[in-house]
Amino acid sequence: MSVDVAAYTSLKKELEAKGATLVAVSKTKPLEDIRELYDLGQRDFGENYVQELVEKQAQLPADIRWHFIGHLQSNKVKYIAPFVHLIHGVDSEKLLREVSKGAQKAGRSIDVLLQVHIAREETKFGFDAAELDALLEQPETTALPALRLRGLMGMASFSPDPALVRSEFKSLAELFRKGAARFPHFDTLSMGMSADYRIALEEGSTLVRVGSLLFGSRN
Ligand SMILES: *Cc1c(COP(=O)(O)O)cnc(C)c1O
């Protein structure tokens, strides 16, 4: 077992003081580690591979809220649609439509966040600010059936420069506030990971996705 109980306890306190949600990112980690945090009261867990998520979900308590935080391919929506709590990384209109279809087939409604590209790195997925604006202007996409747009998600540059990270989070928070003023369900800003969650909270994050700080580093 490699869960850092002390780190978990102090992080929970820190987040409670800010009213922010902790998603414990359990990708690559064994079921025992998830159970250990579950027994401490943790209910929100994040995974970024569909198959791994589906396997874990089947073997763990039904009241876990599973967050899909990875890059989701349209053809895999159906595997997680019956149970997923929140899909963080919706980064295309096509995927938005697929999630809507999958939710309808599963007979439920699904909450999603739109992923915004805020980092300098080329490899990160997501809409840029102009694309996001354009998307949010289209009633036919924002009003898709069985889909609720809950907010935005983004990842800052992997950089040792806190000023750069802060400025990227600031720009995402600004876009979030604009969205929140227009959409009734827009209440979730998913930003911050082990290395930068404090800066993210200072800039208005409502949900952090923390893995290695709790579970140890991944191979
Ligand atoms: C892995 C991952 C995290 C957690 O990263 P840590 O640095 O281990 O806290 C958060 N968000 C996403 C999208 C991830 O893929």
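**Close-up views of the predicted model**

**Figure 1. The N-terminal end of helix H6 is capped by Asp 128.** In this predicted model, a side-chain oxygen of Asp 128 lies 3.1 Å from the backbone nitrogen of Ala 130. Helix H6 spans residues 129-136.

**Figure 2. Helix H6 has three leucines as its buried residues: Leu 132, Leu 135 and Leu 136.** Seen down the axis of H6, these buried residues fall within an arc of 90°, so they line one face of the helix. The elements that cover the buried residues of H6 include three helices, H5 (93-106), H7 (139-142) and H8 (162-180). Strands E5 (110-116) and E6 (147-154) are also among the covering elements.

**Figure 3. The largest nonpolar core of the model contains 62 residues.** The members that touch the most others are Ile 80, Ile 87, Leu 96, Val 112, Leu 114, Leu 152 and Leu 214. Helix H8 gives the most to this core, contributing six residues. Apart from this core lies another, of five residues, including Val 23, Leu 113, Met 153 and Leu 207.

**Figure 4. The surroundings of Ile 87 are shown with its neighbours within four places in sequence left aside.** Ile 87 is in contact with Phe 68, Leu 72, Ile 80 and Val 99. Its further contacts are Ile 110, Asp 111, Val 112 and Leu 113. Ile 80 and Val 112 also appear, with Ile 87, in the list of residues that touch the most other members of the largest nonpolar core.

**Figure 5. Thr 28 and Ala 146 have positive phi values although neither is a glycine.** Phi of Thr 28 is about 70°, and this residue is placed in the loop between strand E1 (21-25) and helix H2 (31-39). For Ala 146, phi is near 60°. Ala 146 lies in the loop between H7 and E6. With a relative accessible area of 23%, Ala 146 is partly exposed, the lower limit for this class being 20%.

**Figure 6. The ligand is surrounded by 13 residues.** Those that come nearest are Lys 27, Ser 194, Gly 211, Ser 212 and Arg 218. A nitrogen atom of the ligand is 2.8 Å from an N or O atom in the side chain of Arg 209. A ligand oxygen is 2.8 Å from a polar backbone atom of Ser 212. At Arg 218, an N or O atom of the side chain is 2.8 Å from an oxygen atom of the ligand. On its own, the ligand has 390 Å² of accessible area, of which the protein covers 90%.

Conventions: Residues numbered from 1 in each chain as written. Predicted model: local features only at pLDDT ≥ 70, side-chain atom pairs only at ≥ 80, totals over all residues. Heavy atoms only, no water. Buried < 20%, exposed > 50% of the residue type's maximum accessible area, 1.4 Å probe, protein only. Helix = DSSP H or I, 4+ residues; strand = E, 2+ residues; numbered from the N terminus. Arc of directions from axis to C-beta. Contact = heavy atoms within 4.5 Å. Polar contact = N/O pair within 3.5 Å; in protein donor to acceptor, adjacent residues only side chain to side chain. Core = buried A, V, L, I, M, F, W, Y, C linked by side-chain atoms within 4.5 Å. Near = heavy atom within 4 Å. Areas by Shrake-Rupley, 256 points an atom, 1.4 Å probe, with all protein chains shown as cover.
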